Amino acid sequence: MFGLKSVYFYLIACQITLIKFFRKIYFSSKNYNKSLESEIPQQVYFNPNPFLLSIITSYSHRSFKISEIDPNIFWLEDKKKGSEQMHNFFWLNLIDRKADHKKLKQIIYIWMLKNSKYKKKIWETSTLSARVISWILNIDIILNNSTFDFKKNFLKCIICQTNHLKKNIKFEKDLVKKIEILTAIILTGIVFKEYEENFNIGIKELQKLIKDFFDSDGFPLSRNPNDLIFFVKYLIFCKEVIKDSQKYIPEFLEDIIEKNLNCIDYIKTPENRLPLFNGATSLNLNQIKKYLENFKSDNKNNSLGGLFRIKHKKFFVLIDIDKPPQKKFSKSYQSGPLSFEYFLDGIKIITNSGFGYHISKKAELLSRLTACQSTLTINDTSITKFERNEMINKVFGNSTQNSFKSFDFSSKNENGLIGCSASNNGYEKKFGSTHKREIYVDKENDCLIGRDHIFKTKNGYPIKYTFRFHINPELSVIKTMSGNSALIQISKNKSLLFTAKDENLDIEKSIFFGEKKIIDSSCITITGNLVNKNKIFNWEIRKKI
C-alpha cells in the first residue's frame with residue numbers, strides 16, 4: 001500500500017516539477033514581464049504602522065546604519081552576505097527612520113534598475129512577499145520628498161511583484177509560503193484604492209488556507225509548534241493592519257488567532273519557549289509576548305496538537321500521544337510517539353533532542369530518528385520511515401513513508417496521581433510489539449513516575465529494546481553505584497534521582513539540536529532483550545534526599 005502511495009506522490013512531484021520548469025522559462029520572457037504591468041496607483045490610501053514589521057521579523061535589539069553605506073556597492077556586498085536576507089528588505093525594521101531615508105531611496109532605486117524584472121532567486125516567493133510587505137510598511141519614508149519618476153517606478157514595481165504573486169498563488173503548495181503571499185496581497189489591497197480587490201481575494205484565500213491547515217482546536221495539522229508560531233505572527237499582523245485601516249476584521253481571523261493563542265498557552269514551557277516536538281526549535285515567545293499576556297486561557301482540553309500536558313505546582317510535563325500527521329504535512333515530523341519533556345521548578349530535566357533543520361541536512365535526518373526522542377526504540381530502528389525519493393522530497397519536503405495508530409488514551413486525576421496513559425502500534429508490523437506508556441505526577445510523594453509496557457503481539461520476534469531519557473544539556477548526569485539509578489545534577493545543592501526498578505541502566509552520549517547548533521549531551525538508557533513475553537518497566541524521578 002505504501003509503495004502505491006509513493007508512486008502516486010512521485011508522479012505528482014514529476015508533474016509539479018515540470019510545470020515549475022516551464023513556468024520559470026516563461027517568467028523570464030518579455031511577454032510575461034509585460035503581463036505583470038497594470039494600473040499604477042495614484043496615491044497611497046493608507047500608511048500602515050511600520051513598527052508592525054517587528055511582529056513577523058526575527059530581528060531584534062540591533063541597528064542597521066545604511067547612512068554609513070555607499071549605495072553603489074550595497075548590492076555588490078549582498079553577494080558576500082547572502083542575497084535572501086538583503087533582498088527581502090526585512091532589515092528595514094532596523095534602520096534609523098529619521099537619518100537613513102535618503103540613502104534608502106538610493107538603495108531602492110539601484111535595486112529597481114537591476115531587479116525590477118523577474119529573476120529566479122531574487123523573486124523567490126518568500127523573498128518577494130517579504131519585500132512587498134517591507135516596502136509598503138516603510139512607504140512613508142521611501143516616498144517622502146521623492147521625485148515623480150521615483151514614485152511612479154516604485155509603485156509600479158510593487159504592483160508588478162504583487163501581480164506575480166497573484167498569478168502564481170494557485171501553484172504554491174507550501175502553505176507556509178502561501179500565508180506570506182496572502183499577507184502581501186492583502187496589504188496592497190488596503191493601501192491602494194485601485195487594488196481593493198486584492199484585499200477581498202487575499203481574505204478569501206486566507207480563509208481557505210486556515211481551513212486546510214488547522215485542526216478544530218487551531219493547531220497546525222503538521223503538529224509542528226514552530227508552524228503554530230509562524231502562522232499566528234502573520235495572522236496577528238494581518239489583523240493589526242486591517243484594524244488600523246479601519247476595515248472590518250473577519251470573524252474567522254479573530255477566531256483562529258484566539259485558538260492559536262490558546263494552543264500556544266497550552267504548550268509553552270515554564271521557560272516561555274516551545275517544547276521540542278515534531279520540528280520545533282527552542283524558540284522564545286517574545287515576539288508575541290504581549291498578545292499572550294492579554295490572552296485569558298480557559299483551557300479544558302485533554303490534549304492539543306496531539307500533546308498532553310500535566311501541570312501541577314512545580315511540575316510541568318508534555319507527552320506526545322498522537323499518530324504522525326498526513327504525508328503532505330509530515331516534512332518536519334520527528335519519530336517520537338509517547339516521548340515526553342519534563343520540567344521541575346521551571347528547569348527542563350528530560351528533553352527531546354530538537355530539530356536539526358537549521359544546521360544541516362544530516363543533522364535534520366538524525367534529529368528525526370526515534371533514538372533522538374525520549375521514548376522507546378526497538379532494534380535500533382526508527383518507528384517512522386522517511387521518504388528517500390529526491391523528487392518527492394524536493395516538492396513535498398522530507399515527508400514520511402509510513403504511519404501508525406495511537407490508541408487507548410486515558411487521562412487520570414485521582415488517588416493522588418495526575419497524568420495519562422496511551423499506546424501505539426508503530427513497531428507491531430515489523431517486530432510484533434506495541435508500546436504503552438503511563439506518566440503521572442505523584443502528588444503525595446512529590447515525584448514523577450512512569451510505567452512502560454511492551455506487549456508482544458506475535459511470538460518468535462526477538463527484540464532489543466532501548467528506552468532513552470535525554471537530559472537537558474545544561475545538566476550533568478552520572479550512574480550511581482546501585483546500577484539501577486542515575487543522579488541528575490541541577491545545581492551545587494540540588495539534584496534528582498532517576499530510578500528504574502529491577503533494571504540496569506546506563507548513561508550514553510547524545511547530541512542536542514534545539515539551539516540551532518549541535519551540543520553534546522547525555523541520556524539515560526534502559527536496554528535489554530525480549531522474545532515471547534510482555535514486560536513492564538517502572539521508573540521514577542524524585543528529589544535526592
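Is Ser 410 buried, partly exposed or exposed, and what is its relative accessibility? In this predicted model, Ser 410 comes out as partly exposed, because its relative accessibility is 36% and the partly exposed class runs between the buried limit of 20% and the exposed limit of 50%. We'll get back to that serine after a look at the whole chain.

**The overall picture**

Count up the secondary structure and you get 17 helices and 16 strands. The radius of gyration is 26 Å, close to the 24 Å that the globule rule gives for 545 residues, so the protein is as compact as a globular protein of that length. Along the principal axes, the C-alpha trace spans about 80 × 55 × 45 Å.

Of the 545 residues, 55% are buried. If you take the contacts with a separation of 6 or more, 67% of them join residues 24 or more positions apart. On the outside, the protein exposes about 25,900 Å², with carbon and sulfur atoms supplying 49% of that area. As for charge, there are 86 positive and 57 negative side chains, and the centres of these two sets lie 4 Å apart.

**Inside the core**

The largest nonpolar core holds 147 residues. Among those with the most contacts inside this core are Trp 91, Trp 135, Phe 154 and Phe 498. Helix α12 (residues 225-244) gives the core its largest share, eleven residues.

Trp 135 is a good one to click on. Setting aside neighbours within four places in sequence, its contacts include Phe 89, Leu 92, Trp 111, Met 112, Phe 154 and Cys 157.

**Two serines side by side**

Ser 410 is part of strand β6 (residues 406-414). Ser 116, on the other hand, is in the loop between α6 (101-115) and α7 (125-137). Ser 116 is partly exposed too, because its relative accessible area is 33% and that value falls between the 20% and 50% limits.

Here is how far each serine is from one chosen partner, C-alpha to C-alpha:

| Serine | Partner | Separation along the chain | C-alpha distance |
|---|---|---|---|
| Ser 410 | Ala 422 | twelve residues | 6.6 Å |
| Ser 116 | Asn 33 | 83 residues | 9.3 Å |

Now for what they touch, leaving out residues up to four places away in sequence. Ser 410 is in contact with Gly 419, Cys 420 and Ser 421. Ser 116 touches Trp 111, Trp 123 and Cys 157. Two of those names have come up before: Trp 111 and Cys 157 are also contacts of Trp 135.

Methods: Residues are numbered from 1 along each chain as its sequence is written. This is a predicted model: local features need pLDDT of at least 70, side-chain atom pairs count only at pLDDT 80 or more; totals for chains, interfaces and linings use all residues. Side-chain values use heavy atoms; hydrogens and water are left out. Helices (H or I, at least four residues) and strands (E, at least two) are DSSP runs, numbered from the N terminus. The radius of gyration is taken over C-alpha atoms; the globule rule is 2.2 Å times the number of residues to the power 0.38. Buried means under 20% relative accessible area, exposed over 50%, partly exposed in between (1.4 Å probe, protein chains only). Contact means heavy atoms within 4.5 Å. Accessible areas come from the Shrake-Rupley method with a 1.4 Å probe; for residues, only the protein chains shown count as cover. Lys and Arg count as positive and Asp and Glu as negative; His and the chain ends are not counted. The place of a charge is taken as NZ of Lys, CZ of Arg, CG of Asp or CD of Glu. A nonpolar core is a set of buried Ala, Val, Leu, Ile, Met, Phe, Trp, Tyr and Cys residues joined through side-chain atoms within 4.5 Å.
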